2 protein chains.
Amino acid sequence: MQITSRFTIAIHVLVAIEYFKDMDRINSDFLAGSTGVNPVIIRTVISRLRSAGLLHTQRGSGGAELARPLSEITFYDIYQAVDSVDAQEGLFHFHERPNPACPVGGHIHQALDDKLALVQTAMEEQMKKITLQDVAADVAQMALQKKEA
Amino acid sequence: MQITSRFTIAIHVLVAIEYFKDMDRINSDFLAGSTGVNPVIIRTVISRLRSAGLLHTQRGSGGAELARPLSEITFYDIYQAVDSVDAQEGLFHFHERPNPACPVGGHIHQALDDKLALVQTAMEEQMKKITLQDVAADVAQMALQKKEA
DNA sequence: CCTAGTTGTAATATACAATATTACAACTAT
DNA sequence: ATAGTTGTAATATTGTATATTACAACTAGG
């Protein structure tokens with residue numbers, strides 16, 4: 001089981017919106033071409049990012065812009081935005097019918113919850129330390145090196 | 001997207017095997033009853049745990065025993081054992097066709113990989129710090145408290 | 001040796017979620 | 001008005017998790 005590609009798609013989209021902000025025609029078709037993902041998927045990912053307040057969009061004329069600088073958007077912000085359903089239920093899917101009459105089955109959930117939370121928190125804390133600026137800087141450097149070669 | 005319930009099932013099963021080790025008839029049907037999961041699923045989970053060297057089983061007569069003490073089996077050991085396919089591919093599912101001709105699409109994978117690895121490593125390092133002994137101790141204490149009440 | 005009970009595993013079914021696709025109303029700039 | 005775009009619903013397709021059935025391989029005990 002893996003974290004949805006919506007997460008890496010969202011990062012890609014946000015970095016691209018900033019990278020190409022001086023060009024016009026940064027619409028969902030362009031982003032679909034850059035990511036290799038269906039334009040409707042792009043629009044739904046953007047829709048979730050907008051709900052989370054990470055960017056603004058405009059109907060009709062097209063185009064999107066970030067709500068705040070790349071350095072102030074963390075992986076955690078994006079994860080919460082595009083994977084919010086599971087984010088509420090937690091990272092781990094617990095088996096749903098442990099037997100309450102069994103000494104183990106009756107307490108395993110309670111005994112595990114705090115430990116699973118430790119793991120999830122460790123992941124989320126690391127996500128909070130990484131920003132889109134870190135990604136954009138590497139992309140820009142790599143693109144430049146390629147140009148020079 | 002969540003980490004498979006096989007993970008919590010495996011923890012439940014291992015703790016139960018140790019908890020009930022002095023009783024007989026700890027077969028897959030009994031464990032299915034304790035977890036509320038199909039016995040064949042129990043056997044496949046156990047099969048993976050056996051492949052990972054975490055327990056030994058016996059055909060025909062039934063029964064399983066841990067290969068080493070609870071205190072020497074970490075969440076990470078179990079995660080690797082029962083989620084090994086995804087463990088090889090990483091925690092994150094990358095979108096598969098970013099456009100190599102695009103400055104962003106052509107470098108996003110390389111620019112992201114090390115950062116995604118940081119997140120995955122943070123999760124795994126926390127998993128390595130938690131053992132089945134921690135879980136078993138809490139289960140035993142809770143079962144005792146319930147008995148006294 | 002034979003029988004009952006069990007494990008290991010394949011094959012299949014069912015359920016659910018992710019992604020792709022089609023379609024179209026709402027909207028904006030020109 | 002028109003062309004192009006977003007937002008979103010509806011549906012299809014695909015992939016994966018879990019459930020279920022079936023049975024060969026095996027073990028212990030009579």
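Which residue has a polar side-chain atom that lies 3.3 Å from a phosphate oxygen of DNA strand D? In this model, which I should say at once is a predicted one, that residue is Arg97(A). Two further residues of chain A belong beside it in this account: Thr57(A), with a polar side-chain atom 2.6 Å from a phosphate oxygen of DNA strand D, and Ser47(A), where the corresponding distance to a phosphate oxygen of that strand is 3.2 Å.

Looking at the secondary structure, the elements that contribute two or more residues to the surface near DNA strand D are H3 of chain A, along with helix H1 (5–19) and helix H3 (39–51) of chain B. The largest share, 4 residues, comes from H3(A). Of the 28 residues around the strand, those that come nearest are Thr57(A), Gly60(A), Thr4(B), Ser5(B) and Asn38(B). Sorted by class, this surface has 15 polar, 8 charged and 5 nonpolar residues, and on the DNA side, 69% of the strand D atoms within 4 Å of the protein belong to sugar or phosphate, with the rest belonging to bases.

Let me now turn to how H3(A) sits against its neighbour. The axes of helix H2 (residues 28–35) and helix H3 (residues 39–51), both of chain A, come within 8 Å and cross at roughly 105°, which means that H2(A) is roughly perpendicular to H3(A). On the H2(A) side the contact is made by Ser28(A), Asp29(A), Leu31(A), Ala32(A) and Thr35(A), and on the H3(A) side by Pro39(A), Ile42(A), Arg43(A) and Ile46(A). By class, that helix contact has 5 nonpolar, 2 polar and 2 charged residues.

Methods. Residues numbered from 1 in each chain as written. Chains lettered and ligands numbered in written order. Predicted model: local features only at pLDDT ≥ 70, side-chain atom pairs only at ≥ 80, totals over all residues. Heavy atoms only, no water. Axes fitted to C-alpha atoms, helices over the stretch in contact; angles between N-to-C directions. Parallel < 35°, antiparallel > 145°, perpendicular 65-115°, else oblique. Contact = heavy atoms within 4.5 Å. Nonpolar A, V, L, I, M, F, W, Y, C, P; charged D, E, K, R; others polar. Near = heavy atom within 4 Å. Polar contact = N/O pair within 3.5 Å; in protein donor to acceptor, adjacent residues only side chain to side chain.
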